[in-house]
Every structure is written in C-alpha cells, then in structure tokens.
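Colleague: Could you walk me through a few local details of this model? I will jump between topics as we go.

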Amino acid sequence: MDKTVKVAMVGVGAISGIYLQNITTVFRELDLVGVCDLIPERAEKGAAYVREQREKGAPVRVPKIYKDMYEAMDDPEVEVILNLTRPYEHFEVTKQALLHGKHVYSEKPLGVDMDEASQLIALAEEKNLRLGGAPDTFMGAGIQTARRLIDSGYIGDLVGASCAMVCHGHETWHPDPEFYYKRGGGPMLDMGPYYITALVQLLGQAKGLMGMTKRSFPQRLITSAPHRGETIHVDVDTWLSGNIEFTSGAIAQVFTTFDVHYTAQARFEIYGTKGSLMVPDPNTFGGPVLLLRPEDAAAEAAAPKADPGLARRGVPDFYRGWKEVPLLYDYAENSRGLGLADMAKAIRTGRDHRANYQQQRHVLELMTGFSKSCESGAYVPMQSKYTPTAPMENNPMHGILDD
C-alpha cells in the first residue's frame, strides 16, 4: 500500500499558506491531490505556490483545481478532506465530506456548538471514518516538553493553572476580520482552542466550570485593507473568563478577550506542589519552557540577574530566576499540518491519531460552557469524557511520524 495519504484542501484562505508550505516541504507522507475555494483565484494561487515548490525540487505534484468541494469529495483518489473554511462553515463542509466517505481533518473548532459536534461525531462513527483537527500546536516541542516535565513529576502534584489570551481584536490588521465577530468567532472559539487544548493535554479531563462573559463593543471599525472604514456589528461575546475544575482536583483560571490593549498576548502557567512551569504560547510550536522550583528561587534570591537571552525573546522580567528547559522534542517551528500528518500515519498503521474528535469535543464543550454558565449563573458540569492522547515520539526523520 502507498504510504502517502491523498488529501484535498477545501478553503484556500489566510491559514492555507502555512499548510501548503508544510505539506509540500515537510510532511513526506501527505500528497496534496487538489484544492478548491469559493473564490477561484485563491485556489489558483494555492496551486501556483505548489507549482513553484515543485520547480524548486520538491517531490510533489501540481494539485488539481476543483470547481467546488463536491468535485473534491467525489474524486476517488482523495482519502482526506482538509477543511480550512471559516468557522461557521466547518460543520457543513465536514458533514458533506463524511457523507462522501472521506476522512476529515478540520481547522478549529470542530463545530460552533455541541449539537454540531455531536452530529459530526455520530456520522464519523457510523461510517467508520477518521475525524479530527486543529489545533495541533500541542504536538509541538514546547507543550510536549512541558507535558514531559509534568508527567515526570518535576512540579509535583498538580494544583492549578492560569492562562490568558489578551489582545484588541483583528480589525486593525486582518484582511477579512468580520467573521471573528460572528457566530463561531470571538476570542474563545478563535484563540481559546489553543489554550484549552493545552490545558487538557497537561491537566487531563475537566469536571466542570463557571464563567462570566460580556460584549464590550457592539461595533468595530475596520482599519485594515481592503475593508478599511467598514463597520462590523459584533454578534458574539468578546470578554470571557472563568475557572475550570479538573478531575485531578486542579483548578485553572482562564481569560480570553478581544477588548484590551496589551503588550503580551499570551500567558500560561501550571502550578504544582513542588514547583511551577511557564508553558510557551500555545498558539506556537516551540518554547521557551521555564521551570521554577524552591531551590531555584533560593539561589536567585542570593544572586539575582536577568537572562538577556530570554529578555530578547520577549519573556517578561518577572520570570527572572526561572530555569529554561531544553526542548526535548521535534517540531519547534511553525508546523501546522502536523496533526494532519499524524492522522495520515494513523490511517495507514491503524493506531489512534492524536488530534482526534474526543479531544475536540471536550475542548468545545469547555469553550461553549463559559457563556452557558454566565447565562444560567450556575456551575456547568462537563458531559464529555477525555483521556490525553499519546505523547509524541521523536523520529530521526523530520516530517515522518511515529508508527
């Protein structure tokens, strides 16, 4: 059997660039058969990029340009649909792909609510098809190193966590920012998947949560081209905060917002009985990973000094005295598509894939639970179950996943 898995890309928007780059130059067991987009010029641009890579020596074919997603799904050569459409379109594209007998790897989120997720999962199980998707940043060197430290007992028993994603939205820089403020958007469903996925990977199954949410600005003025001067009517909450209780007893404080002017977008810390861990920005694949134990704090008090290397990488000075841990795994660079490559290997070998729908469902239930808790004024218990997926294994061949 051919080791490469045949993939068709549906949606060739902003995020597609890094997928095209990694599929054609990094992940050797993926074969991009074709692309399609509602805007034909985008599909043509994507195919042109692959053609350029081929001319530079990449061992890839020039992908077909499908007239629509149904032509891609009807192509007997295609095994997996890579769904890179906008969030509110994920459900219908994934549903149609499953109905056409294709495995699906989707950008986050799986769906915009639990009803959509449940329908897709039931359909995938009925047809015995693989279903999964982003984020796959948890598979990168940074979060995998943090998980190794936690699993190895470096910070003792888990006590809690604190994470925040703080920014002022996308309308000042994104070429098409409106969908971030419509159904399926907002800071929790847009950026929350990175943070919540990392939390459940590191802390395990969540038990329940309480949340508070609000919509600070009913309208947003776009200042980026090509829609400069247009107004966005905001339909989703843009300030979501709360606490997640885990079955381990740990409690995580979570905060995401598009409403705040701030210099450091990401903060992520895990606390244990024997020390603390600074987890890198979960929207990235690399580091740094910082560890603080009592003996480190005592040594720092005796001879305090800042690490200029960390300062140059934007690590705040209040982490002075924390020790940087070398990354223990591969994929520290932007490796989007890593989860897709892992699914491809799982299809060929029969093992589980890491970025699977069990994880996506649990993360989506948590993300949608903040607004549900705010509306009801009550603690929201989780219904879905979750077991952290297998840790990564280093393979001597970059771009080839473990069996």
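Colleague: What does G350 do just after α11?

Modeller: G350 takes a positive phi of about 90° just after α11, where helices are DSSP runs of H or I of at least four residues, strands are E runs of at least two, and both are numbered from the N terminus. This is a predicted model, in which local features need pLDDT of at least 70, side-chain atom pairs count only at pLDDT 80 or more, and totals for chains, interfaces and linings use all residues. Residues are numbered from 1 along each chain as its sequence is written, and side-chain values use heavy atoms, with hydrogens and water left out.

Colleague: Why is α11 described as largely enclosed?

Modeller: Because 10 of its 12 residues are buried, α11 is largely enclosed by the rest of the structure; buried means under 20% relative accessible area, with a 1.4 Å probe and protein chains only.

Colleague: And what do those buried residues pack against?

Modeller: They pack against α1 (16-25) and the strands β1 (5-10), β2 (30-36), β4 (80-83), β5 (103-106) and β6 (131-133), contact being heavy atoms within 4.5 Å.

Colleague: Changing topic, is R220 buried or exposed?

Modeller: R220, which lies in strand β9 (residues 219-221), is buried, with a relative accessible area of 3%.

Colleague: Which side chains make polar contacts with that of R220?

Modeller: The R220 side chain makes one with the side chain of E171 at 3.1 Å and another with that of D259 at 2.6 Å. A polar contact is a pair of N or O atoms within 3.5 Å; within protein, one must be able to donate a hydrogen and the other to accept it, and residues adjacent in sequence count only if both atoms are side-chain atoms.

Terms used
Buried < 20%, exposed > 50% of the residue type's maximum accessible area, 1.4 Å probe, protein only.
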